[in-house]
Amino acid sequence: MQTTLNQIPTPLAIGLIVLGVVIILLVVLIVRRRRASQAPPPAPEIPPTTIDYTAIPLEEPQSWRNRWRNLPLVLKLLIIISIIIVAPNLLCAGFFLCIWVAAFVLSLSGGQTAAPPPIPTPSPIPVTLTIEDATIVRANPLTLSVRVRSTGLPDNTELQVELRADGQPLRWFDPARRIQIRRDRGDFREAKLPDGDPTPEGRKYTVVVSTPDGSLSAEAELEVLPTFAAAFYGVEPTPSPSPTLSATATPTVIVVQETPTPLPPTATPTPALPTGQPVAVINGGNVRKLPYTGVNNVIGGINAGEQVQILARTPNALWYYVRTIRNEVGWVSRTLIAVTDLIAAETPVANVVSVFVSGSIYLAADTGSAVIDQVDPPEVVELFERTADGTWYRVRTVRDREGWVQASLLGIPDDVAAQVPVTK
């Protein structure tokens, strides 16, 4: 009971107290009036002449207006003040009373307010790692290429790559190198350390990839292309036997003096065109001097149904250097020819790179020399030689201008930089 009283708001309590006082006053007033009406009337004074009062009709208020008009002024003021004070509190008390009664009835019936449905928690995407390709793609320097597909990993997650021989890890490349995931994919290309573990023939070589928390992918068998097998297994190529000359008797030479006949002039021999692996043309298109569409450098064309011979490719394998059936040698887009991943891995990488930052081309490897041209992204340049420290490269632009450009302006992969000769 005490707990229930403590929960009643203060305005409601005051209103109830005032209401109780008003009710008590009204009860007292009604009781007094009833007693007064039941008391015997005082003995009337006998007037000199007798009057029959029974003949006079009794006049009492019949409506509430007459009753209100006959109330004393003090009582009228008390009733008005009580109504002004108590009426709002009565409304509030009635509202809380209804709520309390409803809650009490619900508690007795065992009913409960239905809780809002729980917000479903999205299920996390499971983390998976799949090695799509693990191949030795270069002999000098010996280079491993790994391509990974993943799910459930955020961008910029770094994965560790491990080369194994019969299930045992090898120290073959720099262990600090990582695959960085971008849009659920990652690529890895790393050259063998000079003092890396040997990889003799006859063992099973696999590649495995792991996440920072230790989750491992399934082992993928390493593919060693026949072109690079000797370099990977450390087998020296078998030299072709030199022909041996049989001993013959020395012939007797008779010298005859003759007048020399003048020889006709010899024609300059035409250099033989390079050859490569043939692939089919699936879409007709242009053959270009360099792998870039920003300028008019078209030197020929190919048609669907023909064949081209692949000679080289760009580092990103989006362009291929080919020889057409019309002996046109130039660059075509990968979208025009049927190139498989195996063919792409076997194709040597050309010394053609993209421009990442705009800058000047100088006459010499010195910023104090004359400026002869300008390069801007996304142009490409062909690399011919570099300085010993690798900070300058001699290049040819898409406008056939040759000069020196700073290496910081170009996107040069490590394997491409390694095969560019150093200037003398």
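Start at the hairpin of S20 and S21, where five residues lie between the strands and aspartate 400 takes a positive phi near 65°. Strands and helices are DSSP runs numbered from the N terminus, with at least two residues (E) for a strand and at least four (H or I) for a helix. This is a predicted model, in which local features need pLDDT of at least 70, side-chain atom pairs count only at pLDDT 80 or more, and totals for chains, interfaces and linings use all residues. Residues are numbered from 1 along each chain as its sequence is written, and side-chain values use heavy atoms, with hydrogens and water left out.

**Stop 1: S19, S20 and S21**

Stay with this hairpin and select residues 402–406, strand S21. S20 and S21 run antiparallel and are joined by five bridges. Strands count as paired if DSSP finds at least two bridges between them. Now pick arginine 396 and look across to S21: its bridge partner there is glutamate 402.

Next, add residues 380–386 (strand S19) and 392–396 (strand S20). These two are also antiparallel, with four bridges between them. Click on arginine 386; tyrosine 393 in S20 is its bridge partner. S19 and S20 make a hairpin too, again with five residues between the strands. In that turn, glycine 390 has a positive phi of about 75°.

**Stop 2: strand S13 and its partners**

Move to residues 307–313, strand S13. Is this strand enclosed or open? Five of its seven residues are buried, so S13 is largely enclosed by the rest of the structure. (Buried means under 20% relative accessible area, with a 1.4 Å probe and protein chains only.) For comparison, buried residues make up 30% of the 424 residues in the protein chain.

Show residues 277–280, strand S10. S10 pairs with S13 in the antiparallel sense over four bridges. Alanine 280 stands opposite glutamine 307 in S13.

Then show residues 319–323, strand S14. S14 runs antiparallel to S13, and four bridges join the two. Here alanine 312 faces tyrosine 321 in S14. S13 and S14 form a hairpin with five residues between them. Color alanine 317 in the turn, where phi is positive at about 60°.

**Stop 3: threonine 324**

Walk on into the loop between S14 and strand S15 (329–333) and select threonine 324. Threonine 324 is buried, with a relative accessible area of 3%. What does threonine 324 touch? Leaving aside residues up to four places away in sequence, it touches Val287, Ile302 and Val308. A contact here means heavy atoms within 4.5 Å. Now draw a distance from threonine 324 to valine 281: the C-alpha atoms are 9.9 Å apart, although 43 residues separate the two along the chain.

Zoom out for the whole chain. Of its contacts with a separation of 6 or more, 59% are between residues 24 or more positions apart. Its secondary structure comes to seven helices and 22 strands.

**Stop 4: a four-stranded sheet**

Show S6, S2, S1 and S9, which form an open sheet in that order, with mixed pairing. Strand S6 (185–191) and strand S9 (223–224) are at the edges with a single partner strand each, so one side of each has no neighbour in the sheet. S6 pairs with S2 (residues 142–151) in the antiparallel sense over seven bridges. Select leucine 144 and find its bridge partner in S6, glutamate 190.

**Stop 5: the largest pocket**

Keep S6 on screen and show the largest pocket, about 790 Å³ of space. Which residues are closest to its centre? They are Ser145, Asp187, Phe188, Arg189 and Pro315, from a lining of 26 residues. Two or more lining residues each come from S1, S2, S6, helix H6 (341–346) and helix H7 (414–419). S6 gives the largest share, five residues.

On a 1 Å grid over the protein atoms alone, a pocket is an open set of points where a 1.4 Å probe fits, with protein on both sides within 12 Å along at least five of seven lines; lining residues have an atom within 4 Å of a point. Points are joined across faces, edges and corners, and the volume is the space filled by probe spheres set on them.

Definitions and conventions
Buried < 20%, exposed > 50% of the residue type's maximum accessible area, 1.4 Å probe, protein only.
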